[in-house]
Amino acid sequence: MSIHVFDNPNQLYEKAAEQIVTIGREAITQKGQFALTLSGGSTPAGVYNTLAQSFKDQLDWQKVYLFWGDERCVVATHPDSNYRMANENLISKISIPSGHVHRVASEEDPLLAAQQYEDEMRDFFGIYGSGFPEFDLILLGLGDDGHTASLFPESEALHESERWVSDNFVKKLKAHRVTVTFPLINHAANVMFIVSGSSKASICHQILEEKKDYPAQKVQPKSGNLFWFLDKEAGNKLKV
Ligand code: 6PG
């Protein structure tokens with residue numbers, strides 16, 4: 001695991017975008033493709049924008065395949081949609097084949113959407129039995145309650161050990177979500193948390209230094225690299 005703390009949000013976005021491109025170029029060189037899972041919420045918007053504005057020509061988007069680590073169960077045009085956020089900040093600004101953008105069918109029944117999404121991932125990776133895919137990079141955010149993707153404290157999906165994608169009812173939000181599971185995350189070649197803002201300082205300290213048992217603590221890639229990219233505000237309570 002490596003922890004990187006940057007002076008301000010813009011530098012965080014820049015460095016995160018740079019690291020995404022580095023990993024992507026390596027994957028394309030090695031395998032001819034880059035399977036990237038996007039995170040949601042608000043923090044990644046700056047990263048996606050930076051990717052589109054400053055790094056657009058540094059990645060062969062024809063060889064990039066986009067997935068989402070989680071999605072709210074709303075239509076794709078809804079303000080809360082993680083797809084909409086990524087589309088506005090990145091996808092609409094790059095020339096990526098539409099067939100390479102694997103959106104969660106978030107307008108469907110959550111269980112169906114999760115099953116369909118897992119099927120779509122299985123078709124992409126050609127894995128239909130047991131075992132998990134190796135995404136080249138999975139981006140993750142961090143909630144101040146220690147959730148990541150839509151793996152919230154005390155939610156059912158925290159315990160999923162077989163499925164790649166799960167529907168998950170989040171009591172505190174009174175809402176269903178679709179989320180990748182920990183086994184899928186932990187089989188990735190690279191996992192990158194991108195965390196910004198003073199509201200995350202305490203949870204970052206509790207997870208990274210006190211090792212408290214929040215959901216994000218379960219992100220421990222089996223053989224992949226784990227990056228924590230923070231801005232100074234989010235890293236403000238870290239001792240190191
Ligand atoms: C989501 C995200 C979630 C997010 C954190 C942080 O769909 O909400 O995937 O895990 O990354 O809640 O969100 P912010 O970046 O908005 O603080």
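In this predicted model, four elements, namely strand E4 (70–72), helix H3 (82–89), strand E5 (137–140) and strand E8 (190–195), each supply at least two residues of the lining of the largest pocket. The space in this pocket amounts to about 460 Å³. Its lining consists of 31 residues, and those nearest the centre of the pocket are Gly40, Gly41, Ser42, Arg72 and His147. By residue class, the lining of the largest pocket comprises twelve nonpolar, eleven polar and eight charged residues.

The chain as a whole contains six helices and nine strands. Its radius of gyration is 17 Å, close to the 18 Å given by the globule rule for 240 residues, so the chain is as compact as a globular protein of that length. Along the principal axes, the C-alpha trace of the chain spans about 45 × 40 × 35 Å.

Six of the strands form an open sheet with parallel pairing, in the order E1-E9-E8-E5-E2-E3. At the edges of this sheet stand strand E1 (2–6) and strand E3 (64–68), each of which pairs on one side only. On average, and with direction ignored, neighbouring strands of the sheet are turned by 20° against each other. Strands E5 and E8, which belong to this sheet, also each supply at least two residues of the pocket lining. The edge strand E3 is paired with strand E2 (residues 34–38) in the parallel sense, over five bridges. Within this pairing, Ala35 has Tyr65 of E3 as its bridge partner. Helix H4 (residues 110–125) lies across E2 and E3, and runs at about 155° to E3.

A further open sheet is built of three strands in the order E4-E7-E6, and here the pairing is antiparallel. E4 and E6 are the edge strands and have a single partner strand each, so one side of each is left without a neighbour in the sheet. Neighbouring strands of this sheet are turned by 25° against each other on average, direction ignored. Helix H4 packs on this sheet as well, where H4 touches E6 and E7; the direction of the helix makes about 155° with that of E6. Helix H4 is thus described in relation to E2 and E3 and also to E6 and E7.

Within the three-stranded sheet, E4 and E7 run antiparallel and are joined by three bridges. Arg72 has Arg177 of E7 as its bridge partner. Arg72 is also one of the residues that lie nearest the centre of the largest pocket. The pairing between strand E6 (residues 165–170) and strand E7 (residues 175–180) is likewise antiparallel and extends over six bridges. One of the residues paired here is Ser166, whose bridge partner in E7 is Thr179. E6 and E7 together form a hairpin, with four residues between the two strands. In the turn of this hairpin, Lys174 has a positive phi of about 50°.

Terms used. Residues numbered from 1 in each chain as written. Predicted model: local features only at pLDDT ≥ 70, side-chain atom pairs only at ≥ 80, totals over all residues. Heavy atoms only, no water. 1 Å grid on protein atoms, 1.4 Å probe; cavity = no way out; pocket = protein on both sides within 12 Å on 5 of 7 lines; lining within 4 Å. Points joined across faces, edges and corners; volume = space filled by probe spheres on them. Nonpolar A, V, L, I, M, F, W, Y, C, P; charged D, E, K, R; others polar. Pairing = 2+ DSSP bridges. Axes fitted to C-alpha atoms, helices over the stretch in contact; angles between N-to-C directions. Contact = heavy atoms within 4.5 Å. Rg over C-alpha atoms; globule rule 2.2 N^0.38 Å.
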